Each structure stands twice: as C-alpha cells, then as structure tokens.
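Here is a short tour of some strands, disulfides and contacts. Please keep the sequence and the 3D view side by side as you read.

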Amino acid sequence: MLLLQFPLLAVLLAGGDNADVVQEPISFYLIQISSFANQTWAQNQGSGWLDELQTHGWESESGTIIFMHSWSKGNFSNEELLDLEMLFRVYFIGLTREIQDRASQLQFIYPFDIQVKVGCELHSKESPKSFFQVAFDGSDFLSFQNTSWMPSPEGGSRAQNVCDLLNQYEGIKEIVYKLNRNTCPRFLPGLLDAGKMYLQRQVRPEAWLSSHPTLVSGRLSLVCHVSRFYPKPIWVTWMRGEEEQLGTKRDDILPNADGTWYLRVTLDVDAGEAAGLSCRVRHSSLGGQDIVLYWGHRLSMTFISLIVIVPLILLIVLVIWFKKRW
C-alpha cells in the first residue's frame, strides 16, 4: 500500500544507551526527497542531520549509508548497520512502486516531489519531542501525531485520503510510535557522546574587508567577511569608535564545505565617511579578545598589539645580549 515503508526511515534512529544530559535543545532528523517525473522514473535522496550538521547520507545506486564523520555511527554495531541498509533498500524500492501504482488513484499529477522529515529533539529538562512530517511539492501534507496520521490543512482531500489509508494499518502506527518515542531519543545522546570532541571544538574565525560602490552615487558598501569559524554563534558589527552603526546589515550564516561557517556583514556609507569605521568580531574561540578590522588599515587588535610588543621584546633581548657581551 502507499507509503507502507515510511516507518522504515526511522530505523536509522536506532541506538544505544542514554549519554550526558543535553543542556540546549538539539535534534537529530532524517530528510528524504523523492522525485517522480513519470510513472517509470523516480529518484530518492536521503540524509541525516544533527541540527545543521549533516551526519549521514544515502548512496542510492548501491543502497548504502554514507557516514559523513568517523563518529556518525554513534553506538551502532556493524550488524545493526547492515540491517539498516537492507531496510532502506526495501523502503525506497517499495515506496517508489506503491506511489507509482497509486498516483492516479490519489490524484498525484506528474511531476511531483515528496519530502519527509522525521526525528526527535532533546531538551535538558523536558521529555524528548518527536516528529514525522510529510510534504507534497513543498507544502505540508500530513504528519504523525500521538498514534495517528493527520492531514495538514494545506493537503486538502488528497492528504485526508492518504491518512485514511495509512490509519487502517495498526501495525505501522505502532512501529512509528515506538521508533519516534523510544528509539530516536536513545540514539541521539549516543551520537552526541561519540561526536563530542568534534562538536565541542573551537575554530578561530578569519576576517577581511572589501567594498563596492552602491547604486547611489558617492556611497560605498563596506563588507566585513568572517569565515571558517566554529561553533556557529558569533557577533559581528560595524562600529565607529565604541558606537555600533545602526545601518549594519547581517546576512544569513552559511556553511563551508569543512563544517565551519561563513558570515557577511555590510554597511552602506558616504564614501567620505568611511574613514574611522571598523568591523568588530566576537566569538567563543577568541578567548574574550575581539578581532577588530579598521577600514583603510585592516589591522586587528591582536596584530596592533604584536606591532607594539614584538619590537619591545627585541629591544630587551638586545640589551641583555649587550650586557652579557660587555
């Protein structure tokens, strides 16, 4: 039947014993994107995520799990991993066949996409929260709530028909309930424990300045680039002296290929007023010492300190050397 194998997605969440208590809300979830071009062609993509960090992938040609990090296996045994790969193969094959067989009955008009997000979230002082959400062509379609499949308002009659079909199968609902409420909350702490050295690392940001003219004559857009920092939380702004500039615009923080982050912060000013401005960067990896880049100088406070301290040290060394020599 349609979507019979959806619950098998959550098998990836199987795991071991609880680890340390999570201090901040954190989630592990799987994302599936299934694209159907016609009745004979379909493509399935799958990935696993720890918040915004990808931990797993799916190789559709070979039907194998891709481990993005050495610790992505968590506390899974090799036997469990082999079982998971087999279950995912069955899931994707069965899902594709059932949807293609019932597309006309359920008024699925080609081409269309089905997206699935399933996982759980841990809080330090609350019970784990699980979720199983399905979207059709990017719009909410249905979800699993408590012990039943529920249509989303955007799904209309099609979503209701699918839920009516799924809710006839008590065994599937029981599997989904146990996987969401028991298995995922046991796996997530194990994954956090296995990857804690990686997740707790501190990577110092790199920062530089650039500019380009705006559409308004005589004005400049000053850009402060901050890259290769980890973890994600960071504070960056344009300043004049100790005063933050209200016109500062902060873009979204974007991921780098190596798992670090990149941010761009801009400020539009009259060209003649750019002098005296600076970009200040605060990050947990800096040990309380901000990076400050001055427009026109591009020197950080650390670099300025070195300019002052290094000659002083050299002078002291020379004095000591001369004393010993004479």
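## The β9-β10 hairpin

Strands β9 and β10 make a hairpin, with five residues between them. If you look into the turn, you will find G218 with a positive phi of about 85°. This is a predicted model, so please read every value here as computed from it.

The two strands of the hairpin run antiparallel, and eight bridges join β9 (residues 206-213) to β10. To find the register, start from S211: its bridge partner in β10 is L222.

## Strand β10 and its other partner

β10 also pairs with β15 (residues 261-270), again in an antiparallel arrangement, through 10 bridges. A handy landmark for this pairing is R219, which stands opposite D270 of β15.

How many of the 11 residues of strand β10 are buried? Nine of them are, so the strand, which covers residues 219-229, is largely enclosed by the rest of the structure. One residue of β10 worth picking out is C224, which counts as buried at 0% relative accessibility.

## Two disulfides

The model holds two disulfides. In one, C224 is joined to C279, with an S to S distance of 2.0 Å. Because C224 belongs to strand β10 and C279 to strand β16 (residues 277-282), this pair ties together parts that are 55 residues apart in sequence. The torsion about its S-S bond is about -80°, so the disulfide of C224 and C279 is left-handed. C279 has 0% relative accessibility and therefore counts as buried.

The other disulfide is formed by C120 and C184, whose sulfur atoms are 1.9 Å apart. It links distant parts of the chain: C120 sits in strand β5 (residues 112-122) and C184 in helix α3 (residues 170-194), 64 residues apart. Here the S-S torsion is about -80°, which makes the disulfide of C120 and C184 left-handed. Are these cysteines buried or exposed? C120 is buried, with a relative accessible area of 0%, and C184 counts as buried at 0% relative accessibility.

With the bonded cysteines of the chain numbered in sequence order, the pairing reads 1-2, 3-4. While you are looking at cysteines, take in C163 too: at 0% relative accessibility, C163 counts as buried.

## The open sheet around β16

Strand β16, the home of C279, also belongs to an open sheet of four strands. Their order is β12-β11-β16-β17, and the pairing is antiparallel. Which strands lie at the edges? They are β12 (243-244) and β17 (291-294), each of which pairs on one side only.

At the β12 end of the sheet, two bridges join β11 (residues 235-240) to β12, and these strands run antiparallel. M239 is a good place to see the match, since M239 stands opposite E244 in β12.

## The surroundings of S143

Finally, have a look at S143, which is found in strand β7 (residues 139-145). S143 has a relative accessible area of 12%, and it is buried because the cut-off for that label is under 20%.

What does the side chain of S143 make a polar contact with? The partner is the side chain of Q145, at 3.0 Å. With neighbours within four places in sequence left aside, the residues in contact with S143 are F132, Q133, S148, W149 and M150.

Key:
Residues numbered from 1 in each chain as written. Predicted model: local features only at pLDDT ≥ 70, side-chain atom pairs only at ≥ 80, totals over all residues. Heavy atoms only, no water. Buried < 20%, exposed > 50% of the residue type's maximum accessible area, 1.4 Å probe, protein only. Pairing = 2+ DSSP bridges. Disulfide = S-S within 2.5 Å. Polar contact = N/O pair within 3.5 Å; in protein donor to acceptor, adjacent residues only side chain to side chain. Contact = heavy atoms within 4.5 Å.
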